[in-house]
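Open the model in a viewer and keep the sequence panel visible. The stops below can be selected one after another.

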Amino acid sequence: MEFSRRKLLLEEAKDASLKSYAPYSNFHVGVALLTKGSSKTIRASNIEFAVSAIGICAERLALCLARRENLEPSYIAICSHYKGEYNFHVASCGLCRQAMVEFVGLKIVTPNSCKSVKHLLPKHYEGRKPK
């Protein structure tokens, strides 16, 4: 992915982080997900609840929205916002890493690189196959 497109995707992730609902942790995360074929960008942000287990991470929300629209994700940019500082090198949780590696060919975009998400979870779960 060329630098200008990568920069634009990162900016969209940054904008998405501003729409996050994180009143408990104040850790706001936004994602911009570029899909194959349609070149549609899906933006999502994390949503927290008092019971943390029922919240959803921005990464999985974006992947769910893509799946719902029958779109195949190709690139994902992630940005966190905490106490006024933005970070484009966010360490996704294990659930999000598993979800990302299940989309074959998905690449994670950072300011300096664009790599396969496979390296995020080298020994991911492969026990169940869709019917």
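The tour goes from a buried serine to loop residues, then to salt bridges and a helix pair.

**Before selecting**

This is a predicted model, in which local features need pLDDT of at least 70 and side-chain atom pairs count only at pLDDT 80 or more, while totals for chains, interfaces and linings use all residues. Residues are numbered from 1 along each chain as its sequence is written, and side-chain values use heavy atoms, with hydrogens and water left out. Helices (H or I, at least four residues) and strands (E, at least two) are DSSP runs, numbered from the N terminus.

**Stop 1: Ser17**

Select Ser17, which lies in helix α1. Is Ser17 buried or exposed? Its relative accessibility is 1%, so Ser17 counts as buried. The classes are buried for under 20% relative accessible area, exposed for over 50% and partly exposed in between, with a 1.4 Å probe and protein chains only. Now show the contacts of Ser17, where contact means heavy atoms within 4.5 Å. Leaving aside residues up to four places away in sequence, Ser17 touches His28, Val29, Gly30, Cys79, His81 and Tyr86.

**Stop 2: Pro23 and Phe49**

Move to Pro23, in the loop between α1 and β1. Pro23 counts as partly exposed because its relative accessibility is 39%. Add Ile47 to the selection: Pro23 and Ile47 are 24 residues apart in sequence, and their C-alpha atoms are 9.1 Å apart in space.

Next add Phe49, from the loop between β2 and α2. Phe49 and Pro23 are separated by 26 residues in sequence and by 8.3 Å in space, C-alpha to C-alpha. Which residues does Phe49 touch, not counting those up to four places away in sequence? They are Tyr24, Ile54 and Gly55. At 41% relative accessibility, Phe49 is classed as partly exposed.

**Stop 3: two positive phi angles**

Select Asn26, in the loop between α1 (3-17) and β1. Asn26 is not a glycine, yet its phi is positive, at about 60°. The relative accessibility of Asn26 is 42%, so it counts as partly exposed.

Then select Lys83, in the loop between β3 and β4 (85-87). Lys83 also has a positive phi, of about 50°, without being a glycine. With 70% relative accessibility, Lys83 counts as exposed.

**Stop 4: salt bridges**

Side chains of opposite charge can pair when their charged atoms come close. How many salt bridges does the structure hold? There are four, a salt bridge being a side-chain nitrogen of Lys or Arg within 4 Å of a carboxyl oxygen of Asp or Glu. Three of them can be selected here, as follows.

- Arg5 and Glu12: the closest N and O atoms of this salt bridge are 3.9 Å apart. Glu12 is buried, with a relative accessible area of 17%.
- Lys36 and Glu72: the closest N and O atoms of this salt bridge are 3.1 Å apart. The pair links distant parts of the chain, 36 residues apart, with Lys36 in the loop between β1 (28-35) and β2 (41-45) and Glu72 in the loop between α2 (58-68) and β3 (73-82). Lys36 is partly exposed at 36% relative accessibility, and Glu72 is partly exposed at 41%.
- Arg68 and Glu69: their side chains form a salt bridge at 2.9 Å, N to O. Arg68 is exposed at 59% relative accessibility, whereas Glu69 is partly exposed at 38%.

**Stop 5: α2 against α3**

Two packed helices are described by the angle between their axes and the distance between the axes. Display α2 and helix α3 (residues 94-101), whose axes come within 9 Å and cross at roughly 30°. The angle makes α2 roughly parallel to α3. Axes here are lines fitted to C-alpha atoms, for helices over the stretch in contact, and angles run from 0 to 180 degrees between N-to-C directions. Angles under 35 degrees count as roughly parallel, over 145 as roughly antiparallel, 65 to 115 as roughly perpendicular and the rest as oblique.

To see the contact, select Glu59, Arg60 and Leu63 on α2 together with Leu95, Cys96, Ala99 and Met100 on α3.

Finish on α3 alone, where the buried residues are Cys96, Gln98, Ala99, Met100 and Val101. These buried residues of α3 pack against α2 and β3.
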